[in-house]
Amino acid sequence: MSYLDNQLNAFKSNLTSVSHKISNKRTVGAPTTSSPSPAPSQTSTSGKNDLKRKRPETSNVVYSQPADTGTGRNIMTQVTYAIEYLKSKGTEQTLSDLLSYLSLQYTADEYKRTITTILRTHDKIDYDPAGCGGQGSFSFRPIHNIRSGEQLLGFLQSQTTAQGLNVRELREGWPGAEDAIRKLEDQGKLLVTRNKKDDHAKMVWPNDPSLAVPIDEEFKNIWHKIRLPEPGVLADELERAGLTPTNKARGLKMKPKVQEKKTKKARKSGKTTNVHMMGVLRDYSHLKK
């Protein structure tokens, strides 16, 4: 036992000595100072950025649509504006008036000459070189050159057919066509059809007074004394008489189908085979039921 006691005492002494050394190292050790981290160099970051691939800048251009070149810069757009201006004015205008309206009085002379040539030859514009005191005038050319009630009546009376005249075509060159047509209609000089939605005139015809046949008052009284049947009564009377109204579909009577009785057909015997064995095989056909 003495040997074991000696070993135990030696182990305890070693533990105490080691614990003292560890505690001294923790308390006596110099404090550590935190060193600042080195700042990244600008040259290294710039070099990395240069190595990165630059993405192309995205544009909002829609290639399916025409490019936006500005409102009214196209010469044909200016011609359209000039036609609408002449249409709204209804009077002759000079070239300077049109250029001033289009804000083209300070543009290049070549551009002015081009637009002047187009306006002189356009099918919607009448050009008079002697108009406006010799300056040359431009005016709107409508489908029908009618601008008054008298001209309208004269045009309708000169027609060889009773086709009538479209009021929309009249309004194109005559803004006051609606009022003049209503006055002539009240005077009994025009026959007018109107739209149900807005009561605007649609078509006009001349009202020939020679076609107005006078009717005696006695005949008018007899006509008005005739009593019309109530709604629905006439249709019932026709149906009782065996007549079907045209707006009512006739019902087709279908004949009843007679179902035929199916009869079973006798089963045919199959084709006789093995003819070459007739003398060898036995015949059992008499045993069939």
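In what order do the three strands of the open sheet stand, and is their pairing parallel or antiparallel? Before I answer, please keep in mind that what we have on the screen is a predicted model. The order of the strands is β3-β5-β4, and the pairing is antiparallel. The strands β3, residues 165-166, and β4, residues 190-194, stand at the edges with a single partner strand each, so that one side of each is left without a neighbour in the sheet.

Let me stay with β4 for a moment, since it leads us to the next element. Five bridges join β4 to β5, the strand of residues 201-206, and the two run antiparallel; within this arrangement, Leu190 has Pro206 of β5 as its bridge partner. Helix α9, which covers residues 177-186, packs on the sheet and touches both β4 and β5, its direction making about 125° with that of β4.

This brings us to the nonpolar cores. The largest of them has 16 residues, and those with the most contacts inside it are Leu152, Leu165, Leu170, Ile181, Leu190 and Val204. At least two residues of this core come from each of α7, α8, α9, β4 and β5, and the largest share, four residues, is supplied by α9. If we look at Leu165 and leave aside residues up to four places away in sequence, we find that Leu165 touches a set of residues including His144, Ile146, Phe155, Lys202 and Met203. Apart from this core lies another one, of 15 residues, among them Ile75, Leu98, Leu102 and Ile115.

I would like to finish with the aromatic rings, of which the structure holds two pairs. In one of them, Tyr85 and Tyr101 are stacked, with 4.1 Å from centre to centre and 20° between the planes. This pair links distant parts of the chain, because Tyr85 belongs to helix α3 and Tyr101 to helix α4, 16 residues apart. Tyr85 is buried, at a relative accessible area of 15%, whereas Tyr101 is partly exposed, at 44%.

The pair formed by Tyr127 and Phe138 is tilted, with 4.9 Å from centre to centre and 40° between the planes. Tyr127 lies in strand β1, residues 125-128, and Phe138 in strand β2, residues 137-140, so this pair ties together parts that are eleven residues apart in sequence. Here Tyr127 counts as partly exposed, at 26% relative accessibility, while Phe138 is buried, with a relative accessible area of 1%.

Definitions and conventions: Residues numbered from 1 in each chain as written. Predicted model: local features only at pLDDT ≥ 70, side-chain atom pairs only at ≥ 80, totals over all residues. Heavy atoms only, no water. Pairing = 2+ DSSP bridges. Contact = heavy atoms within 4.5 Å. Axes fitted to C-alpha atoms, helices over the stretch in contact; angles between N-to-C directions. Core = buried A, V, L, I, M, F, W, Y, C linked by side-chain atoms within 4.5 Å. Buried < 20%, exposed > 50% of the residue type's maximum accessible area, 1.4 Å probe, protein only. Phe/Tyr/Trp six-rings, centres within 6.5 Å; stacked < 30°, edge-to-face > 60°.
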